[in-house]
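Please open the model in a viewer with the sequence panel visible. The tour below proceeds by selection, with a short description at each stop.

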Amino acid sequence: MPPIEGAAVQLCERRDFGGSTAFLTEGAYNLDYADNVVGNDTVTSLRINPDYVVTAYTALNGGGDSKVFTADTPYVGESLIGKIASIRVAKLIQARGQTQTYEYVLYKLYPRNEAQAEFLKQVQGRG
């Protein structure tokens, strides 16, 4: 798949990068707003730009169990399905050296609009 323009990671509500999506840049995010389309306990797949690493946590503020992802992931796995509450996105080189710290922030994720969905289908070769 081509890189994601303007973001480090794309969170997807369904397997194989389907459903509603949200885009994140470098940083740490709590996904605890109840009205998020892609938010707390709804992330099922991830698209990750090269040179980035995503750590998904089962509790807010980077707590609970975690799993690290460094490439596109069509399914986060049974251990995380319906459990992702916070996410940390970092450059791969920073993650290895732990040189950058991020404060977890509440981040409101909005569903993509239909024009954006069509554009992404064409870019990804699925339209």
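**The hairpin of strands 5 and 6**

Select Ala59 and Gly63 to begin: Ala59 stands opposite Gly63, which lies in strand 6. The coordinates viewed here are those of a predicted model.

Extend the selection to residues 52-59, which form strand 5, and residues 63-69, which form strand 6; the two run antiparallel and are joined by five bridges. Together they make a hairpin with three residues between the strands. Within that turn, select Asn61, whose phi is positive, at about 60°.

**The three-stranded sheet**

Next, select residues 9-14, which are strand 1, together with strand 2; these pair in the antiparallel sense over five bridges. To find one residue pair in this ladder, pick Cys12, whose bridge partner in strand 2 is Thr21.

Which strand order does the open sheet show? The order is 2-1-4, and the pairing is antiparallel. Select residues 18-24 (strand 2) and 45-48 (strand 4) to display the edge strands, each of which pairs on one side only. On average, neighbouring strands of this sheet are turned by 20° against each other, with direction ignored. As a guide to viewing, side chains in a regular strand alternate between the two faces of the sheet.

**The whole protein**

Finally, select everything and colour by secondary structure. The protein has two helices and eight strands, arranged along the sequence as β-β-β-β-β-β-β-α-β-α. Of its 127 residues, 43% are buried. Among contacts between residues at least 6 apart in sequence, 70% join residues at least 24 apart. With a surface representation switched on, the accessible surface comes to about 6700 Å², and 49% of that belongs to carbon and sulfur atoms.

Notes. Residues numbered from 1 in each chain as written. Predicted model: local features only at pLDDT ≥ 70, side-chain atom pairs only at ≥ 80, totals over all residues. Heavy atoms only, no water. Pairing = 2+ DSSP bridges. Helix = DSSP H or I, 4+ residues; strand = E, 2+ residues; numbered from the N terminus. Axes fitted to C-alpha atoms, helices over the stretch in contact; angles between N-to-C directions. Buried < 20%, exposed > 50% of the residue type's maximum accessible area, 1.4 Å probe, protein only. Contact = heavy atoms within 4.5 Å. Areas by Shrake-Rupley, 256 points an atom, 1.4 Å probe, with all protein chains shown as cover.
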